[in-house]
Amino acid sequence: MNFDFADEAPKLAMLLYGVVAFVAVVGGLLLLLDAVPARLARRREARLAAAVAAGKVIEPGRRRPRDGLFALFFLLPTVLMLGIGLVVPAIRTLVLSFKNGDSTEWVGLRNYGWMFDRPEIVDILVNTALWVLLVPLLATCIGLIYAVLIDRARLEALAKSLIFLPMAISFVGAGIIWKFVYAFRPAEADQIGLLNQVWVWLGGEPQQWLTNSPLNTLLLIVVMIWIQAGFAMVVLSAAIKAIPTDMIEAARIDGVNAWQLFWRITVPGIRPALIVVVVTISIATLKLFDIVRTMTNGNFNTNVIATEMYNQAFRYGQTGQGSALAVVLFVLVIPIVIYQVRNLRRQREV
């Protein structure tokens, strides 16, 4: 393939401009974040030293108005980005959910009524509920059991790496990998799918696993658990190591066995970490899109809310119905976020 630099000069120039702009913006921000706090800290130390030299009393908890401006300076970009990237799209989506497919007329609650009149949408809601119930529960349990079993064991770091590796793979990549695992070939052909090959070795006929409902939904859920179990293991392993050794030794001296130690010391000791893991995985599961899109495209009764929202809004041109699904998805996430915020506040008070 011939590559002519003269013909591609405009594209190369645009690439160069982009790189320079990226370096300028990111480098400038990093420099600003490093230089400004250091300079303000030096000025504050100088003021404190001058006050001490003058014999003035220093009030430790007092904050100057300048401190508030300093905090606002760093919060303002985040607030602006949240407003542009989250608040404005959320309000626009809510407005569009009350309009027709091409967003030209108001239709009231018709899009929400459409959701519950169609059996396939009810099936989608049931599928989503199944994902939200099974994935956080099973991924957390697997991560917890794995963290307890390898705690302070030989080759602990290697064992952690093995289960954490899937976290480095994107959902799309994981879906493609597992699609090969579930691949189907006729009985007379060589099987390329691991699951069908094992099934044939056990004497069964090759199955089209991704088309058999509801088994296909459960097999898709396995992929999500495979990814999230590593995250759960890392967080819970750190929490287990934070349990005071004195408490464990005292329990062992009192004669508790391993099972009692797990339920009476380990689980109560890592309860905040368990809540964080379950909440985080639950939110990630509600937003699930890539795995279903990659492996079945929502066919064979495997659809979930996010996939159907995409189909309605971008494939079928029904922006109002897609927006209504997005609003429902947003409403489902709100209770989980509120619970997490209240839990964090209780932890700070303790």
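1. A residue is called buried when its relative accessible area is under 20%, exposed when that value is over 50%, and partly exposed in between. Ser103 has a relative accessibility of 24%, and therefore counts as partly exposed. The model discussed in this note is a predicted one, and the points below should be read with that in mind.

2. Ser103 is placed in the loop between α2 and α3, and its backbone deserves a look, since its phi is near 60°, a positive value in a residue that is not glycine. Asn297 likewise has a positive phi near 60° without being a glycine, and its place is the loop between α12 (290–295) and α13 (305–315). With a relative accessible area of 22%, Asn297 is partly exposed. As background to these backbone values, most residues other than glycine have a negative phi, and most peptide bonds are trans.

3. The peptide bond that runs from Ser213 to Pro214 is cis, and its omega is near 0°. Pro214 belongs to the loop between α7 (194–201) and α8, and a colleague inspecting the backbone may wish to view this bond together with the two loop residues of the preceding point.

4. Helix α1 covers residues 9–53, and its 45 residues, at 1.5 Å a residue, should span 66 Å; the C-alpha atoms at its two ends are 64 Å apart, which agrees with that expectation. The expected figure is obtained by multiplying 1.5 Å by one less than the number of residues. After α1 comes Gly55, which has a positive phi near 80°.

5. The packing of helix α8 (residues 215–241) against helix α11 (residues 271–286) can be described in some detail, beginning with their axes, which come within 10 Å and cross at roughly 160°. Angles over 145 degrees count as roughly antiparallel, and α8 and α11 are therefore roughly antiparallel to each other. The crossing in which α8 passes α11 is right-handed. On the α8 side the contact is made by Met224, Gln228, Phe231, Ala232, Val235, Leu236 and Ala239, while α11 contributes Ala273, Leu274, Val277, Thr280, Ile281, Ala284 and Thr285. Of the residues in this contact between α8 and α11, 11 are nonpolar and 3 are polar, and no charged residue takes part.

6. Two residues with polar side chains are worth checking for their surroundings. Ser323 sits in helix α14 (residues 319–349) and counts as buried, because its relative accessibility is 6%. When its neighbours within four places in sequence are left aside, Ser323 is in contact with Thr93, Leu96 and Ser97. Gln312, which is part of helix α13, is also buried, with a relative accessible area of 7%. Not counting residues up to four places away in sequence, Gln312 touches Trp114, Gly317, Gln318, Thr319, Gln321, Gly322 and Leu325.

7. Leu109 is found in the loop between α2 (65–96) and α3 (110–117), and at 60% relative accessibility it counts as exposed. Between Leu109 and Trp201 there are 54 Å in space, taken from C-alpha to C-alpha, and the two residues are 92 residues apart in sequence.

Notes. Residues numbered from 1 in each chain as written. Predicted model: local features only at pLDDT ≥ 70, side-chain atom pairs only at ≥ 80, totals over all residues. Heavy atoms only, no water. Helix = DSSP H or I, 4+ residues; strand = E, 2+ residues; numbered from the N terminus. Buried < 20%, exposed > 50% of the residue type's maximum accessible area, 1.4 Å probe, protein only. Contact = heavy atoms within 4.5 Å. Axes fitted to C-alpha atoms, helices over the stretch in contact; angles between N-to-C directions. Parallel < 35°, antiparallel > 145°, perpendicular 65-115°, else oblique. Left-handed = near helix turned anticlockwise from the far one by under 90°. Nonpolar A, V, L, I, M, F, W, Y, C, P; charged D, E, K, R; others polar.
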